[in-house]
Amino acid sequence: MRLDLALFAQAANTTADGKLNILGEFNSIMGTAGPIIFPTATLVLRIVGTALESGEHRVGLRQRNADGDLIWTSPDIPFALPAPDILGVPVRSALIVQMGPLVFPEFVTYTYEIVVDGQHLDDVELHVLRQQPPPSPGV
C-alpha cells in the first residue's frame, strides 16, 4: 500500500463514479501573531494498493511541530480499498478529511504523518508563515 496523493485544500469531493475533485490546494497559511487559528481545512489523501490489500483499513494522522514533538493525533478513520475491476490494475481509495479549527502556536513547518493500519506511509507538510506588515509610507 502506498500514498499516491496527500495535500491540503479548501474543499474536495468525489463524484458518484469515484472521480476526485479538489478546490483550492495550498501548502502554507499566514498570520500576523501567534497562535494562528485556521478555521477549517480539508486533507485529501489517495491510497493505492493491490488486489490482495482490498478490504477494510484504518488511517490515522499525527501532527508534529518543527522539533518533531507530537502535537495532535486523530482518531482512526475507517476506509476501504475496493476489489479490482480489472485483474492486475491497482486499487485506490480517496479520503477527504475535514479538519478544523487548526491551532498553530508557532510560525514553523508542521508535519502530518499518515499512518495506515499502524504503518507510517508518508507525510504532508503545512507551512505556517508570519505575514510581513506592509511597508510604511515614506515621509
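## A walk through the strands

Let us start with a pairing: strand 1 and strand 2 (residues 20-26) run antiparallel and are joined by 6 bridges. Keep in mind that what you are looking at is a predicted model. Within this pair, Ala9 stands opposite Glu25 of strand 2. The two strands form a hairpin with 5 residues between them, and there Gly18 takes a positive phi near 90 degrees.

Strand 1 has another partner as well. Strand 1 (residues 2-14) also pairs with strand 5 (residues 41-49), again in the antiparallel sense, over 7 bridges. To find this pairing in the model, look for Leu3, whose bridge partner in strand 5 is Ile47.

Now turn to the nonpolar interior. The largest nonpolar core holds 27 residues, and those touching the most other members are Phe8, Leu43, Leu45, Met99, Phe104, Tyr112 and Ile114. Many strands contribute: strand 1, strand 5, strand 6 (55-64), strand 8 (77-81), strand 9 (91-99), strand 10 (102-104), strand 11 and strand 12 (119-130) each give two or more residues to this core. Another core, of 5 residues, lies apart from it, and its members include Leu7, Ala9, Ala12 and Val44. How might neighbours along one strand end up in separate cores? As a general background, side chains in a regular strand alternate between the two faces of the sheet.

Leu43 is a good residue to zoom in on. Setting aside neighbours within four places in sequence, Leu43 is in contact with Leu7, Phe8, Leu61, Leu95, Ile96, Val97, Met99 and Val124.

Next, compare two residues that sit in strands. Is Thr111 buried or exposed? Thr111, found in strand 11 (residues 109-116), counts as buried because its relative accessible area is 18%, and the cut-off is under 20%. Beyond residues up to four places away in sequence, Thr111 touches Arg62, Gln63, Arg64, Asp123, Val124 and Glu125. Ser28 belongs to strand 3 (residues 28-31), and its relative accessibility of 30% makes it partly exposed. Apart from neighbours within four places in sequence, Ser28 is in contact with Leu126, His127 and Leu129. Val115, by contrast, is 87 residues from Ser28 in sequence, and their C-alpha atoms are 22 Å apart in space.

There is open space to explore, too. Rolling a probe the size of a water molecule over the atoms shows where empty space is left. The largest pocket contains about 210 Å³ of space. Which residues line the largest pocket? They are Thr14, Asp17, Gly18, Lys19, Leu20, Arg46, Arg92 and Ala94. Sorted by class, this lining has 4 charged, 2 polar and 2 nonpolar residues. You have already met Gly18, the residue with positive phi in the hairpin of strand 1 and strand 2.

Finally, visit some loops with unusual backbone geometry. Most residues other than glycine have a negative phi, and most peptide bonds are trans. In the loop between strand 3 and strand 4 (36-38) you will find Pro35, and the peptide bond leading to Pro35 from Gly34 is cis, with omega near -5 degrees. Pro101 lies in the loop between strand 9 and strand 10, and the bond from Gly100 to Pro101 is also cis, with omega near -5 degrees. Asp117, in the loop between strand 11 and strand 12, has a positive phi of about 50 degrees although it is not a glycine. With a relative accessible area of 42%, Asp117 is partly exposed.

How values were computed:
Residues are numbered from 1 along each chain as its sequence is written. This is a predicted model: local features need pLDDT of at least 70, side-chain atom pairs count only at pLDDT 80 or more; totals for chains, interfaces and linings use all residues. Side-chain values use heavy atoms; hydrogens and water are left out. Helices (H or I, at least four residues) and strands (E, at least two) are DSSP runs, numbered from the N terminus. Buried means under 20% relative accessible area, exposed over 50%, partly exposed in between (1.4 Å probe, protein chains only). Contact means heavy atoms within 4.5 Å. Two strands pair if DSSP finds at least two bridges between them. A nonpolar core is a set of buried Ala, Val, Leu, Ile, Met, Phe, Trp, Tyr and Cys residues joined through side-chain atoms within 4.5 Å. On a 1 Å grid over the protein atoms alone, a cavity is a set of points where a 1.4 Å probe fits but cannot get out, and a pocket is an open set with protein on both sides within 12 Å along at least five of seven lines; lining residues have an atom within 4 Å of a point. Grid points are joined across faces, edges and corners, and a volume is the space filled by probe spheres set on the points. Ala, Val, Leu, Ile, Met, Phe, Trp, Tyr, Cys and Pro count as nonpolar, Asp, Glu, Lys and Arg as charged, and the others, Gly among them, as polar.
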